[in-house]
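Reader: I should be grateful for a close look at the place where the ligand is held, and at the parts of the chain that surround that place. Please set out the surroundings in a connected account.

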Amino acid sequence: MTKILKAGADAGNNALKLWVKGQQPILIPTIYSIYMGETTATMDEDDIAITALEKNIDVTINSPALSQNGKRYIMGEKVIEDRVKGTELEKHSDKSTDELPVMVTLTGLAINAMRMNPTVNKIDVTYDLSVALPVQTITPQSAQANAKRYMGTHTVIYHHPSGRNVIVNIKIEYCKCLPEGGAAAWGIVYDEHGKVTRRKVDTVQGIQETDYVDKTLLSFDIGAGTTEIVVSEGVRFNPKLSEGLHYGVKETILDVIKRWNRQNPRKAIENITEFNEIYLNPEHPRHLSLREQSKAAFQQLATRISTAIMDKIDDMKDDPYTFIYGGGAAILKDSLQQILSEKGRLTNVTFLNDAIFVNARGLLVYTCSPRFELQKQKELGVASDAS
Ligand SMILES: Nc1ncnc2c1ncn2[C@@H]1O[C@H](COP(=O)(O)OP(=O)(O)OP(=O)(O)O)[C@@H](O)[C@H]1O
Ligand SMILES: [Mg+2]
């Protein structure tokens, strides 16, 4: 029987975060450009190193989930590197129907397969996959339709500058779609082997170690386009108490970019991915001035989000175990922590490590769970032999 790889893919407004069991996670900025051909002759170039595949994406995708097939795209960081105009998700995109999340997810799954088979030119790989949609827009119908478009067979051809093409045939045997944030609870409560995770937390009685199987959890996933506020009992998602805010850090970043470009027209920042490259890289020559210019706007946003956090904690009785994560949490952490600490509101609050990958990890843990297997058997009538 084929070995089935287990994966969780969190395709967001800012980036795809993909975590395959036993592998290093992959991040691909959600931006692409249609391939126009080379502007200069590329001769005698080497293959892309296996560790740099996701930074040099040049792929052709064939998939029943896409309206146009056989098209070649530049994707992620290479769009910035090659200085081509990129397309990102619009401000009010619908992730359940937009094709960009599918394009980056399939590319990520292909790159993972290439990492596992570095010298092979034709790879057949099978996955079980979990994906997610925002709490504010997810419905049973959109979740099912979103999962369905991933199931089946897709082909990604990775073009090395040397001319070598790697053909990756991806079969997604079963896919399940969860609410963003709700998915993360799986990674907070369990690990991918089904073992219960214990964490240290600052409670009213001081620092204590606890598990979260039967606890009330409040999760804040601060993304680019949306912020998810999710309540769950352990991993049991509570849709009545969960809600979504229609903003994340993207609006603020676009504002900062506008102001920056007015002041620095010759060093204009083209898109959010380029902003991130400068803002998150301390060695970038414009890093410090961009940080300085962004400070007030991010502080303002942190104030707005911390109010939402405190209001939600107050709406629930007893201090719930509160987790704050998402790429936005990484950017706003210092300001948020300062505001919550000044107000004495840090009881039971944890800022999770690897904030940007928390959902992807949760989705992976879910894909590895007996619950996923049960759903798969119910819908497909097969059991997998995944290890
Ligand atoms: N390591 C990182 N790489 C890229 N962006 C990061 C990183 N750490 C923090 N960020 C920032 O976090 C923001 C939100 O990123 P995140 O990936 O959580 O959004 P998303 O999940 O794609 O968006 P949404 O959930 O709204 O669809 C980014 O716009 C970026 O500014
Ligand atoms: Mg997100």
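**The shell around ligand 1 and the two domains**

Author: The residues of the shell around ligand 1 divide into 10 nonpolar, 11 polar and 1 charged. The model is a predicted one, and the description that follows is of that model. In total, 22 residues surround ligand 1, and the closest are Gly12, Asn14, Gly223, Gly225 and Gly327. Three elements give two or more residues to this shell, namely α5 (250-263), α6 (272-279) and α8 (327-342). Of the shell, the largest share comes from α8, with 4 residues.

The position of the ligand can be described through the domains. The chain is divided into domain 1 (4-182 + 360-380) and domain 2 (195-249 + 276-358). Both domain 1 and domain 2 give residues to the shell around ligand 1, so the ligand lies between them.

The contact between the domains comes next. The C-alpha centres of domain 1 and domain 2 lie 27 Å apart. Across the boundary, 17 residues of domain 1 are in contact with 19 residues of domain 2. On the side of domain 1 that touches domain 2, the elements that give two or more residues are β2 (15-20) and α9. Helix α9 gives the most to that side, with 3 residues. The residues of that side of domain 1 divide into 7 nonpolar, 7 polar and 3 charged.

Helix α9 (residues 358-367) deserves a further remark: 10 of its 10 residues are buried, so this helix is largely enclosed by the rest of the structure. Among the buried residues of α9 are Asn359, Arg361, Tyr366 and Thr367, together with Val358, Leu363, Leu364 and Val365.

The ligand shell is not the one place to which both domains contribute. The largest nonpolar core has 107 residues, and those with the most contacts inside it are Ala7, Ala110 and Val131. Helix α2 (residues 100-116) gives the most to this core, with 10 residues. Domain 1 and domain 2 both give residues to the core, so it lies between them. In soluble globular proteins, nonpolar side chains tend to be buried together. Setting aside residues up to four places away in sequence, Ala110 touches Val156, Tyr158, Val168 and Ile170.

Strand β2, named above at the domain boundary, also belongs to a sheet. In that open sheet, 10 strands run in the order β3-β2-β1-β8-β10-β9-β5-β6-β4-β7, and the pairing is mixed. The edges are held by β3 (26-29) and β7 (87-88), each with a single partner strand, so one side of each is left without a neighbour in the sheet. At one of these edges, strand β4 (residues 31-34) and β7 pair in the antiparallel sense over 2 bridges. Tyr32 stands opposite Thr87 in β7.

A further pair of strands completes the account. Strand β11 (residues 198-203) and strand β12 (residues 206-211) pair in the antiparallel sense over 6 bridges. These two strands form a hairpin with 2 residues between them, and Lys200 stands opposite Glu209 in β12.

To return to the ligand, its shell draws on domain 1 and domain 2, and α8 gives the largest share of the residues.

Note on methods:
Residues numbered from 1 in each chain as written. Chains lettered and ligands numbered in written order. Predicted model: local features only at pLDDT ≥ 70, side-chain atom pairs only at ≥ 80, totals over all residues. Near = placed C-beta within 6 Å. Nonpolar A, V, L, I, M, F, W, Y, C, P; charged D, E, K, R; others polar. Domains from an automatic or database assignment. Core = buried A, V, L, I, M, F, W, Y, C linked by C-beta atoms within 7 Å. Buried ≥ 20, exposed ≤ 12 C-beta atoms within 10 Å, placed from the backbone. Contact = placed C-beta atoms within 7 Å. Pairing = 2+ DSSP bridges.
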